[in-house]
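This report looks at how strands and helices are arranged in one protein chain, and at how much confidence the predictor attaches to it. Please keep the sequence and the structure in view while reading.

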Amino acid sequence: MQPSPPSPNNSSSSSSSSPSLPRKPRFSPYLFTLLVFIFFVAVLYGEDLACIFSQQLQLDLAPARPSPATQKKWEKLPFAIGKLKEEGCDVFSGRWVRDEVTRPLYDESDCPYIQPQLTCQEHGRPDRSYQYWRWQPHGCDLPSFNASLMLETLRGKRMMFVGDSLNRGQYVSMICLLHSLIPDEEKSIETFDSLTVFTAKEYNATIEFYWAPFLLESNSDNAVIHRISDRIVRRGSINKHGRKWKGVDIMVFNTYLWWMTGLNMKILQGSFEDEVQDIVELSTEDAYRMAMKSMLRWVRKNMNPKKTRVFFTSMSPSHGKSIDWGGEEGGNCYNQTTLIDDPNYWGSDSRKSIMEVIGDVFGQSKFPITFLNITQLSSYRRDAHTSIYKKQWTPLTSEQLANPVSYADCVHWCMPGLQDTWNELLFTKLFYPY
């Protein structure tokens, strides 16, 4: 601590009270020594000190500004071949444009890999309007999806989608976009429990999907039988599934829908094999944060940022409440054939608090994660859901048949359709990430 100069009152406190001539306050030798020391330090290290204080000021004023190291790690992303003509364009901000020339990118009947719960034309949808929309970013154009480039890039490599049925839809869309270039005898698809593998033999490439709706181990991990209302996620269990992900070159994660069971989530702190299970409840946001951190730890330990890429697809919006867009109460996506035209529309089923968790956790990541922010652009597409035009796994009751709204699927998407755009954006960010 810098000593204060002695007070005149203190210097005379021991003298008598008789009047005396005023005395000049003495200059403390300690203060003099300190000032001399500061002067010499300033002369010797002034430039360094100025740099330090300048840097600290910049950090305080702009804490979100990326450091040179952060910028550098994004400069040499694997598989990048160039930049968009309009550098810095936000490809996730834009509008839907009617396009009956280049859309759809393939026909439903020409892709045998689409699951029956996504084949809307086969199951009686009377219109095709949902197939003719193209995403147009503000201020730039998306590069055309180049299937030949994608397949050559995947030569000798593995691409994997990990997550829930919405990520499986994106996975199937990718296969549909590529398979027509591969002769029938040179391609195959097989399922091994939670893992589905599409193989392009000529390219020695695989495109895979792994069912893990929470990414962590859960009681909903059966790829076929997983309709469990009382969902439980096991803390710290990323390696249960992660051992099947090792060696992947391009990874696409998603997880959101299965967390939306209420305000809290049950977390298992031991093992599912324990006779007495230790289960605690966390807020959905805290539980989701736990999963995101586990995912990033796995990525950091198992993926090479100089050779591999990791993508994360944001929440896929549902359209289960027509009052969200000003429709009648009790309605949903059923019979919706037009888009929502409010550019600021955000449905009640998409929790912004989860987006904030993603932004917070990914912002601290030392591994470059490419975020596919498809939520807002998909929110406008109330028309693109499978609704009632899908395979029903259980017979419908007379009450349901009388009220189609009651069984309309407003979560999943018809194919071809919206999820092809997700892959156009993935293509863009893979090859033109800047």
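Which helix makes a right-handed β-α-β unit together with β11 and β12?

## The β-α-β unit

The model described here is predicted. In this model the right-handed β-α-β unit is made by β11, helix α8, which covers residues 352–363, and β12. The two strands of the unit, β11 (residues 309–313) and β12 (residues 369–372), pair in the parallel sense over 4 bridges, and phenylalanine 312 stands opposite phenylalanine 371 in β12.

## The sheet of 7 strands

Both of these strands belong to an open sheet of 7 strands, whose order is β4-β5-β6-β3-β8-β11-β12 and whose pairing is mixed. Because β4 (187–192) and β12 stand at the edges and have a single partner strand each, one side of each is left without a neighbour in the sheet. From one strand to the next, the twist of this sheet averages 15°.

At the β4 edge, β4 and strand β5 (residues 195–200) run antiparallel and are joined by 6 bridges, with leucine 195 in β5 as the bridge partner of phenylalanine 192. Helix α8 packs on the sheet, where it touches β11 and β12, and its direction makes about 160° with that of β12. Helix α11 (residues 418–431) also packs on the sheet, touching β3 (158–163), β8 (250–253), β11 and β12, and its direction makes about 145° with that of β11.

## The sheet of 3 strands

Another open sheet is formed by 3 strands in the order β7-β9-β10, again with mixed pairing. Here β7 (232–234) and β10 (279–283) are the edge strands, each with a single partner strand, so one side of each is left without a neighbour in the sheet. Neighbouring strands of this sheet are turned by 40° against each other on average, with direction ignored.

Within this sheet, strand β9 (residues 264–268) pairs with β10 in the antiparallel sense over 5 bridges, and leucine 268 has isoleucine 279 in β10 as its bridge partner. Helix α7 (residues 284–302) lies across β9 and β10 and runs at about 105° to β10.

## Confidence in the model

For the protein chain the mean pLDDT is 87, and 83% of its residues reach 70 or more. Over residues 1–25, however, the pLDDT is below 50, and this stretch has 7 contacts in the model beyond near neighbours in sequence. Residues 40–74 likewise stay under 50 in pLDDT, and for them the model has 11 contacts beyond four places in sequence.

Definitions and conventions:
Residues numbered from 1 in each chain as written. Predicted model: local features only at pLDDT ≥ 70, side-chain atom pairs only at ≥ 80, totals over all residues. Heavy atoms only, no water. Pairing = 2+ DSSP bridges. Axes fitted to C-alpha atoms, helices over the stretch in contact; angles between N-to-C directions. Contact = heavy atoms within 4.5 Å. Right-handed = clockwise from strand over helix to strand, strands pointing away. pLDDT = per-residue confidence, 0-100.
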